[in-house]
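Reader: Please take one part of this model and go through it closely, residue by residue where that helps. I would like to see the pairing first, then the surroundings.

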Amino acid sequence: MAEEPRILYEDPYLVVCVKPVGVLSEDSESGRSLPRMLAEHYRQAGKPDYIATVHRLDRIVGGVMVLSRRREVTGRLTTAIAAHEITKEYLAVLRGHPREPAATLTDLLFRDASHNKSYVVKRMRKGVREARLSYEEVGRTEELSLVRVQLYTGRTHQIRVQFASRGLPLLGDIRYGSKAPGCTAALWSYHLGFRHPVTGKPVDVTCPPPQVYPWDLFSGVK
């Protein structure tokens, strides 16, 4: 295999690894996928190669992701995510500066499947659900802010939509209004924390983003 997955934690039941930007989080014929990379890795090592995605990251998002290595564990992990029992934290580079250095954002989010895009809306109707996250600004330059985000509901596109709706689009996020030459959307899955679905022991994994643009602008931030 041309590229080995970067594994941060593994046992017979699950694996936590780094999903590179541009790699799909679910198996697909439309491009490289992390499950396929991991399955090939385990096949070459002579180990069982069952891999199932339990939560998704957008193609343009990189960072920490957990996958199941046993069918009986897949449902438990999926349920834990739905019940908000897994802490999901991200780092995001925003174009602009938030009014508040720390806040919780609660919005109604509508997913327009026909255009593959989401919007913040003002009233509840069919297809609308509550979206909630909290953020803390941890660094800034003259034009950009680095925020640490805890996502309570949904997927990573929610982070992109909620900030863009406030005039703070993620740097490089073309779909939601912020072009940046040489930069895909600056959103990184930074931390996952949860109780192991079999042993009950805590699993706590953190991975900083690579020190390339724009992350290198905030290299002193812990």
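**Strand pairing and its surroundings**

Author: The bridge partner of Leu108 in strand E8 is Glu130. The model is a predicted one, and every value below is computed from it. The pair belongs to an antiparallel pairing of strand E6, residues 102-112, with strand E8, residues 128-140, which extends over 9 bridges.

Glu130, which sits in E8, is a useful place to start. Its relative accessible area is 46%, so Glu130 is partly exposed, since that class lies between buried, under 20%, and exposed, over 50%. Apart from neighbours within four places in sequence, Glu130 is in contact with Thr106, Asp107, Leu108 and Thr153. The bridge partner Leu108 is thus one of the residues that Glu130 contacts. As for Leu171, it is 41 residues from Glu130 in sequence, and the two C-alpha atoms are 24 Å apart in space.

E6 has a further antiparallel partner in strand E7, residues 117-121, with 5 bridges between them. Within that pairing, Asp112 is bridged to Lys117 in E7. E6 and E7 make a hairpin with 4 residues between the strands. Asn116 is in that turn and has a positive phi of about 55°. Most residues other than glycine have a negative phi.

On to E9. E8 and E9 run antiparallel and are joined by 7 bridges, and a hairpin of 3 residues links the two strands. Ser134 stands opposite Gln150 in E9. E9 also runs antiparallel to E5, again with 7 bridges, and there Tyr90 has Val149 of E9 as its bridge partner. In E9, 7 of the 8 residues are buried, and the strand is mostly covered.

Helix H3, residues 156-164, packs against this set of strands. Of its 9 residues, 8 are buried, so the helix is largely enclosed by the rest of the structure. The buried residues are Thr156, His157, Gln158, Ile159, Arg160, Val161, Gln162 and Phe163. They pack against E5, E6, E7, E8, E9 and E10.

Some of these helix residues contact Asp58, which is in the loop between strand E3, residues 52-53, and E4. Asp58 has a relative accessibility of 9%, so it counts as buried. Setting aside neighbours within four places in sequence, Asp58 is in contact with Lys19, Arg155, Thr156, His157 and Arg160.

Asp58 and Arg160 also take part in the largest pocket, which holds about 450 Å³ of space. The pocket is lined by 21 residues, and those closest to its centre are Asp58, Arg59, Ile60, Arg160 and Arg175. By class, the lining is made up of 9 charged, 7 nonpolar and 5 polar residues.

E5 and E9 also contribute to the nonpolar interior. The largest nonpolar core has 28 residues, and the ones with the most contacts inside it are Val66, Leu77, Val93 and Phe194. Strand E2 (14-19), strand E4 (62-68), helix H2 (71-82), strand E5 (87-95), strand E9 (144-151), strand E10 (187-195) and strand E11 (202-206) each give two or more residues to this core. A second core, separate from the largest, has 27 residues, including Leu34, Met37, Val61 and Val147. Not counting residues up to four places away in sequence, Val66 touches Leu14, Val15, Val16, Val54, His55, Leu77, Leu192 and Phe194. Leu77 and Phe194 are therefore both contacts of Val66 and among the core residues with the most contacts, given that contact means heavy atoms within 4.5 Å.

Two backbone details remain. His84, in the loop between H2 and E5, has a positive phi of about 60° although it is not a glycine. At 47% relative accessibility, His84 counts as partly exposed. The other detail is the peptide bond from Tyr213 to Pro214, which is cis, with omega near 5°. Pro214 is in the segment after E11. Most peptide bonds are trans.

Technical notes. Residues numbered from 1 in each chain as written. Predicted model: local features only at pLDDT ≥ 70, side-chain atom pairs only at ≥ 80, totals over all residues. Heavy atoms only, no water. Pairing = 2+ DSSP bridges. 1 Å grid on protein atoms, 1.4 Å probe; cavity = no way out; pocket = protein on both sides within 12 Å on 5 of 7 lines; lining within 4 Å. Points joined across faces, edges and corners; volume = space filled by probe spheres on them. Nonpolar A, V, L, I, M, F, W, Y, C, P; charged D, E, K, R; others polar. Core = buried A, V, L, I, M, F, W, Y, C linked by side-chain atoms within 4.5 Å. Buried < 20%, exposed > 50% of the residue type's maximum accessible area, 1.4 Å probe, protein only.
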